Amino acid sequence: MNQPESSTSGLLTVITTHANADFDAIGSMLAAHKLYPGSLVVSPAFNEKNSKNFFVSSMAYLFDMIDIKEIDLSQVNKLVIVDTRQAGRIGTLAGILHRSDLEIHIFDHHPPTKNDIQAHYEINSPTGANVTLLVELIQEKKISISPEEATIMCLGIYEDTGSFTFSSTTARDFMAAAFLVSKGADLTTIASLIAKEMDTRQISLLNDMINSAEHHKINGVDVTITTVSCNEYIHDLAFLVQKMMKIESLSTLFGIALMKNKIYVSARSRVSEVDVGEVLADMGGGGHKFAAAATIKEKTLAQTETDLLGILHQHIINKNRAIDIMSSPAIFADENTTCQQARQMLTRYNINALLVVIRTGNKDRLVGFISRQVIEKALYHSLDDVPIKEYMTSEFAIVGPDADISEIQEKIIKNKQRVLPVMEDERIIGAITRTDLLNLLVQESQDQKTRSTQEKQGPSHPRTKNIVSYMKERLPKRILKLLTHIGTVADEFGYPAYVVGGFVRDMFLFRHNEDVDIVVEGNGIAFAKQFAKLYGARVNAYDKFGTAIIIFPDGFKIDVASARMEYYNSPAALPTVEMSSIKLDLYRRDFTVNTLAVSLNPEAFGRLIDFFGAQRDIKEKTIRILHNLSFVEDPTRAFRAIRFEQRFGFKIGKLTSGLIGNAVKMDFFKQLSGRRVFSEFSHILKEDNPIPAIVRLNEYHLLKVVDPSMVIDQKLMEYLNAAKKVIDWFDLLFTEENYEKWTVYFLIMLHHADKARSESICKRFEIPPKLQKRFVKERLSAEECLNRLHRNPALSNSELYQELKELRIELILYIMAITTSRKLIKAMSFFVTDLRTIRLIVSGKDLQAMGMTPSTLFGKILSAVLDAKLNGHIQTPEQEMEFLKDYVNGL
């Protein structure tokens, strides 16, 4: 930080804050005065006489505080502004902001707005109290402060954090307060000043505020506005608004008060849908998401309220509209569908009610709905082949896409309706079930309880939240830029687009993952082709599944899929795929931790979507399936459950664990193809340390699913652990040699099997011929090589080289793992690190230069030279040539 110039130069450094300064602003000015020695503090304009003024006045000797009228503004060359960045809030001093010779420094903890003062030096960070920012600098610069100064600064922290109870409070506020207490801050004084007792004028004003309150539902969100007027200025409107919030149990409150000739607006919000800081910024004020204020001039109360309502309609976006909570596409059946067919549809899609339509040409007209309960009763009475139109409910309510939660609730409950169709222009665009409504109401109840007890600004476990800043912190710039471009292109198509699955999960686990999976609610292939065209990439499309891979010139890939749902015609069968919505797309996934999605469209970029409690399970480090038939539909999920459990250090949930056991007991795995089993098992072997997962497979009796002959015993565990040590040793050599380390573990798992058994296993797994050769023929050759080494361990370097030179590195690591001979391990290690890289300088060309004609003799001669070099008899190129000549002359 630049220090202010000496006052002897005639130029001035002035410190100021907003009008009607609170303790936080006062403490910030004092802290700034300590950071800028010789500066002047301009006294804020107080309109009331209270204990705050008396206390500050009694401490005036700590400040160089003067009235602005005593300052020659032309001599001010540096202006330090604290606790605001709004020109309209610093009074007369705003008149000098335009000067090019004025240096402006700002310390502010409020969120930035478009009308902020532009500073030459600025510190902005979202702490609970502004003074925290300056106290950190005082602490960093080791500036001495007195107990009285510490008390004033600490007052600011206590006031602006609600004595550390407001949700805006940060760990930095606690640490700053602890520092000030260590410097002698008087907590008794602070307690007496923070405790706010209302005087008779405030009580009267609060009563007027409560009586004049009007409740509005704006885009489905409850907002309360109260307007009052009085002939004198009554301090602490913000305190009265907070008081009214608690008394009336309101979620959002705007207090508008006309005092003398000015209108003051103070606002508080407990819901994420209403950002009062942004709302009042449009009225010339500002603040935080949950608390803000504004001062209005030259307008009436009615004009101010009208303006506020207009701004609220622009800012509030209800996340609980019908279109936001419905399932789409809706599942419906033709009226002539039989009861038996209807039950199959209910089971296939895991739903409890079907919409019923009459199909005329390309149009479906909604005529009713039928519940699972009715279908089951019809089947009980042997009405399997009767059309569902005979028993459907034909009197029903519908809602439009913008219907709010109260309308949805009224129609479902009043009509005792199991499913509520969402219609737009006579088209069925979705459906809301009673379960959807119940889940939403329970969530809101939990959120309200949390807010009322902890004063949270939003739900503790929200279904959605914006994580743009999180993404900027965790993701490489290239990936973030790509995601932005994807959202823009999807928007042009009119498709909602999301990045989903493991990529999002790993972002929350601080794990590097560049496997980007995109889901679009629309034609994924068409989108991928257009995106590739715009950004110079190519596309591999798979029409059957509605998926595509975008491949960039540098080889980077992005997977794109149309939102889809899957159903299984039988246990362990491959899924049948149909187009769907993001919610149903996520529901088809294996585990809750893999169901997170982030919206990429510009208007909602960075909005995290969590339908199934993924954030909770990540926090609790638990692997859970989404529904109880998950392992029936796809038993391979059991292998993935174990893989994720071990990779992330999670635990498999109790219900999920029991369902894995049930799948093994019911032997659903017998219908799996060997290829699918091997695919999952090889993925486990590719983990950094697959051994714990292999042990877990055995505990769940899943290792016998891989192959009944694979049994974990002490010998196998010794081999596996030895393989891990050998692989770690080889990786630490940093040879940058590409090799398939997972195959070393698989070779260990096959160690017990003879040739016939090994071939049988490879055939069942449909292993490619190249790998099959390695696992059978080459493995057995390597084991024979190891047996020869055991019989004759005292080999020369050249003899060791001849034994091992034809073996792949994976096979060498394998036999190093299964031998117990320390001497052989040392010898093979020497081969890997030294012998196998030795090459001759001389060649057949040198022999031709000596007048020899190329023949099989060349190989014999060069082998003799190599043996001599391996055994250390020759080291230099000159010695190689000399040995070559001597050898040829001796023939």
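Which residues does Val367 touch, not counting residues up to four places away in sequence?

**Exercise 1.** Describe the surroundings of Val367 in this predicted model.

*Solution.*
Step 1. Locate the residue: Val367 belongs to strand β15, residues 363-371.
Step 2. List the contacts: leaving out residues up to four places away in sequence, Val367 touches Val356, Val357, Ile358, Met392, Thr393, Ser394 and Phe396.
Step 3. Classify the exposure: the relative accessible area of Val367 is 13%, and buried means under 20%, so Val367 is buried.

**Exercise 2.** Decide how far helix α25 is enclosed by the rest of the structure.

*Solution.*
Step 1. Find the helix: α25 covers residues 674-685 and has twelve residues.
Step 2. Check its span: from first C-alpha to last, α25 reaches 16 Å, close to the 16 Å expected at 1.5 Å a residue.
Step 3. List the buried residues: they are Gly674, Arg676, Val677, Phe678, Glu680, Phe681, Ser682, Ile684 and Leu685.
Step 4. Conclude: nine of the twelve residues of α25 are buried, so the helix is largely enclosed.
Step 5. Name the partners: the buried residues of α25 pack against α23, α26, α27, α29 and α30.

**Exercise 3.** Compare the settings of Asp83 and Phe734, two residues with a positive phi.

*Solution.*
Step 1. Recall the background: most residues other than glycine have a negative phi.
Step 2. Read the angles: phi is near 65° for Asp83 and about 50° for Phe734.
Step 3. Place them: Asp83 sits in the loop between β4 and β5, Phe734 in the loop between α28 and α29.
Step 4. Check exposure: Asp83 is buried at 2% relative accessible area, whereas Phe734 is exposed at 65%.

Notes. Residues numbered from 1 in each chain as written. Predicted model: local features only at pLDDT ≥ 70, side-chain atom pairs only at ≥ 80, totals over all residues. Heavy atoms only, no water. Helix = DSSP H or I, 4+ residues; strand = E, 2+ residues; numbered from the N terminus. Contact = heavy atoms within 4.5 Å. Expected span 1.5 Å × (residues − 1). Buried < 20%, exposed > 50% of the residue type's maximum accessible area, 1.4 Å probe, protein only.
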